[in-house]
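Here is a quick tour of a small set of features, meant to be read with the model open beside you. Have a look at the fold, then follow along.

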Amino acid sequence: MTPKEKWNTIEKENQEKLLNNVWCSNCKCTKIINYRIYNDSSGIVLHGNCDKCGKKVTRVIEIN
Ligand SMILES: [Zn+2]
């Protein structure tokens with residue numbers, strides 16, 4: 001599966017929760033925007049920017 005296909009196995013509702021619960025060292029809990037999806041050893045990882053300050057943020061998502 002491609003990273004995008006793995007992401008699409010997650011329900012829309014849960015995708016929203018994941019996108020809105022990303023750690024930014026400036027803003028603490030924030031939303032990730034302009035993200036791209038890559039493979040990771042534990043599943044997938046999103047690389048994007050913080051919605052508030054624009055800093056680079058990442059979110060690892062474990063997928064079995
Ligand atoms: Zn931020």
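## Around Val 22

Setting aside neighbours within four places in sequence, Val 22 is in contact with Thr 30, Lys 31, Ile 32, Val 57 and Arg 59; contact here means C-beta atoms, placed from the backbone, within 7 Å. Before going on, note that this is a predicted model, where local features need pLDDT of at least 70, side-chain atom pairs count only at pLDDT 80 or more, and totals for chains, interfaces and linings use all residues. Residues are numbered from 1 along each chain as its sequence is written.

Val 22 also belongs to the largest nonpolar core, 5 residues made up of Val 22, Ile 32, Leu 46, Cys 50 and Val 57. Such a core is a set of buried Ala, Val, Leu, Ile, Met, Phe, Trp, Tyr and Cys residues joined through C-beta atoms within 7 Å. Buried means 20 or more other C-beta atoms within 10 Å of the residue's own, exposed means 12 or fewer, and partly exposed is in between, with C-beta atoms placed from the backbone.

## The sheet

How are the strands ordered in the open sheet? The order is S3-S4-S5, 3 strands with antiparallel pairing. S3 and S5 are at the edges with a single partner strand each, so one side of each has no neighbour in the sheet. On average, neighbouring strands here are turned by 25° against each other, direction ignored; the axes are lines fitted to C-alpha atoms, and angles run from 0 to 180 degrees between N-to-C directions.

Strands are DSSP runs (E, at least two residues), numbered from the N terminus, and two of them pair if DSSP finds at least two bridges between them. The two pairings look like this:

| Pair | Residues | Bridges | Sense |
|---|---|---|---|
| S3 and S4 | 32–40 and 43–50 | 7 bridges | antiparallel |
| S4 and S5 | 43–50 and 56–62 | 7 bridges | antiparallel |

S3 and S4 make a hairpin with 2 residues between them. Asp 40 has Gly 43 of S4 as its bridge partner, and Ile 33 is matched with Asn 49 in S4. The S4 and S5 hairpin has 5 residues between its strands, and Gly 54 in that turn has a positive phi of about 85°. Across this pair, Ile 44 stands opposite Ile 61 in S5.

## Two odd phi values

Most residues other than glycine have a negative phi. Lys 28, in strand S2 (residues 28–30), goes the other way with a phi near 65°. Asn 34, found in strand S3, has a positive phi near 50°. Are these two buried or exposed? Lys 28 is exposed, with 9 other C-beta atoms within 10 Å, and Asn 34 counts as exposed with 11.

How values were computed: Two residues are in contact if their C-beta atoms, placed from the backbone, lie within 7 Å. Helices (H or I, at least four residues) and strands (E, at least two) are DSSP runs, numbered from the N terminus.
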